[in-house]
Amino acid sequence: MAEPGPGTLLEEMRARAPLVQCITNFVAMNIAANALLVAGASPAMVHDMRESGEFAAIAGALTVNIGTLSPEWLGGMRAAAEAAKAAGRPWVLDPVAHFATDFRRRATAGLMALGPDILRGNASEILALAGGAGSGRGVDSGDPVAAAEGAAVALSRASGAVVAVTGEVDFVTDGTRSARIAGGSPLMPRVTALGCALTCLVGAFAATRPDRLFEATVAALAMFAAAGEMAAREARGPGGFGWMFLDALAAVGPAELDAPGRVLPA
Ligand SMILES: Nc1ncnc2c1ncn2[C@@H]1O[C@H](COP(=O)(O)OP(=O)(O)OP(=O)(O)O)[C@@H](O)[C@H]1O
Ligand SMILES: Cc1ncsc1CCO
Ligand SMILES: [Mg+2]
């Protein structure tokens with residue numbers, strides 16, 4: 001059977017409007033929920049440990065982002081990830097600035113032990129997660145994607161997860177197959193939490209095709225790349241771009257995701 005392309009997966013995602021449980025940070029919560037809604041999915045920001053596990057069993061996928069971590073939130077993340085695993089639902093980890101402090105390093109090691117199905121981070125985060133030394137200091141990347149491609153493949157093989165590294169040209173690998181995704185805009189890293197929102201969208205595509213997590217991840221990244229390109233054609237600066245990006249996520253169709261040169265085998 002032929003691999004489903006990003007355009008086909010976009011149609012399937014919109015037809016299903018998957019329920020995605022997003023445990024994300026205080027900065028990202030609103031833009032991530034809006035990004036999922038306009039893209040065609042149904043977000044639910046359910047994080048408390050008293051309900052996060054129960055909810056993970058009814059959601060199509062779970063996404064976990066440690067951007068504004070606290071012990072209480074970590075408990076909710078762990079309960080949800082364990083429940084997603086038990087229910088056979090894919091879960092996605094976004095290890096925001098995991099290298100920066102001892103609390104984040106320990107939390108991330110504990111979450112990694114719960115077997116995330118997909119990892120999504122910027123180049124500095126993926127380099128450090130694979131045991132290397134990146135130039136990142138906080139939540140923004142200090143390294144180019146190309147410098148993290150080898151680390152991403154090694155990390156994917158060691159963890160069994162699909163690994164996505166984002167930046168000017170994104171890189172996705174399942175340890176055997178790899179692809180690069182072109183597009184987007186230099187305005188994207190100038191609007192906070194777009195990467196966090198993308199992690200939630202990866203969850204929407206993973207919920208749509210849990211049997212095809214590599215292709216699902218590529219499709220989510222292709223959708224952001226296409227929408228970023230579309231919004232940048234109209235925007236005069238980062239502020240307007242942020243809102244135009246949401247309109248563009250609603251407007252992009254399969255043809256923009258499948259545009260020549262969008263996804264290249266690596
Ligand atoms: N220079 C660039 N040119 C084109 N697209 C970019 C560029 N930098 C980032 N992007 C896109 O921006 C989106 C977010 O990726 P990024 O690597 O900035 O995430 P991040 O660092 O985790 O962001 P945040 O922590 O603010 O949420 C991705 O779709 C990525 O392809
Ligand atoms: C700015 C910021 N600080 C913690 S999380 C976050 C959102 C981008 O990752
Ligand atoms: Mg990030």
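**View 1. An open sheet of nine strands.** Two strands count as paired when DSSP finds at least two bridges between them. Keep in mind that everything shown here belongs to a predicted model. With that rule in hand, you can follow nine strands that form an open sheet, in the order β2-β1-β3-β4-β5-β6-β7-β8-β9, with mixed pairing. The edges belong to β2 and β9 (263-265), and each of them has a single partner strand, so one side of each is left without a neighbour in the sheet. On average, neighbouring strands of this sheet are turned by 20° against each other, ignoring direction. As background, strands of a sheet pair through backbone hydrogen bonds, and they can do this in parallel or antiparallel fashion.

**View 2. Zooming in on the β8-β9 edge.** Strands β8 and β9 run antiparallel, and three bridges join them. Which residue of β9 is the bridge partner of R180? Look for L264.

**View 3. Two helices lying across the sheet.** Helix α7 (residues 149-159) lies across β5 (118-122), β6 (162-166), β7 (170-173) and β8. Helix α9 lies across β5, β6, β7, β8 and β9. Now check how each one runs relative to β6: α7 makes an angle of about 160° with that strand, while α9 runs at about 15° to β6.

**View 4. Helix α2 and its buried residues.** Helix α2 covers residues 29-39, and its buried residues are M29, I31, A32, A33, A35, L36 and A39. What do these buried residues pack against? You'll find β1 (19-23) and β2 there, plus the helices α8, α9 (213-234) and α10 (238-251). Right after α2 comes G40, and its phi is positive, near 125°. G40 also has a companion from elsewhere in the chain: R16 is 24 residues away in sequence, but their C-alpha atoms are 8.5 Å apart in space. R16 sits in helix α1 (residues 6-16). Is R16 buried or partly exposed? R16 has 16 C-beta neighbours inside 10 Å, so it counts as partly exposed.

**View 5. M45 and A193, a pair listed in UniProt.** An unreviewed UniProt entry places the feature "binding site" at M45 and A193. Start with M45, which sits in the loop between β2 (42-44) and α3 (52-56). M45 has 16 other C-beta atoms within 10 Å, so M45 is partly exposed. Skipping neighbours within four places in sequence, M45 is in contact with C22, T24, M29 and A33. Two of those names, M29 and A33, should ring a bell from the buried residues of α2. Then move to A193, in the loop between β8 (178-181) and α8 (194-208). A193 is buried, because 23 other C-beta atoms lie within 10 Å and the bar for "buried" is 20 or more. With the same kind of sequence neighbours left aside, A193 is in contact with V27, A28, I31 and A32.

**View 6. The surroundings of ligand 2.** A193 turns up again here, among the residues around ligand 2. The others in this shell are N25, V27, A28, G67, T68, V96, V139, T192 and C196. How many charged residues does the shell have? None: it has six nonpolar and four polar residues.

**View 7. R120 and T166, side by side in the sheet's strands.** The "binding site" feature of an unreviewed UniProt entry also lists R120 and T166. They span 47 residues in sequence, yet no two of their C-alpha atoms are more than 7.6 Å apart, so they gather at one spot. R120 is in strand β5, and T166 is in strand β6. R120 has 32 C-beta neighbours inside 10 Å, so it counts as buried. T166 has 28 such neighbours, so it counts as buried too. Leaving out residues up to four places away in sequence, R120 touches V92, D94, A164, T166, L198, T199 and V202. T166, in turn, is in contact with R120, N122, G195, L198 and L221.

**View 8. The surroundings of ligand 1.** Ligand 1 has 23 residues around it, and the closest are N122, T166, G184, M188 and G195. Two elements give two or more residues to this shell: α8 and α9. The largest share, four residues, comes from α8. By class, the shell splits into 11 nonpolar, nine polar and three charged residues.

Conventions. Residues are numbered from 1 along each chain as its sequence is written. Chains are lettered from A and ligands numbered from 1 in the order in which they are written. This is a predicted model: local features need pLDDT of at least 70, side-chain atom pairs count only at pLDDT 80 or more; totals for chains, interfaces and linings use all residues. UniProt positions are given in the numbering used here, feature names are shortened, and annotations may be inferred rather than shown by experiment. A residue is buried if 20 or more other C-beta atoms lie within 10 Å of its own, exposed if 12 or fewer, and partly exposed in between; C-beta atoms are placed from the backbone. Two residues are in contact if their C-beta atoms, placed from the backbone, lie within 7 Å. A residue is near a molecule or strand if its C-beta atom, placed from the backbone, lies within 6 Å of it. Ala, Val, Leu, Ile, Met, Phe, Trp, Tyr, Cys and Pro count as nonpolar, Asp, Glu, Lys and Arg as charged, and the others, Gly among them, as polar. Axes are lines fitted to C-alpha atoms, for helices over the stretch in contact, and angles run from 0 to 180 degrees between N-to-C directions.
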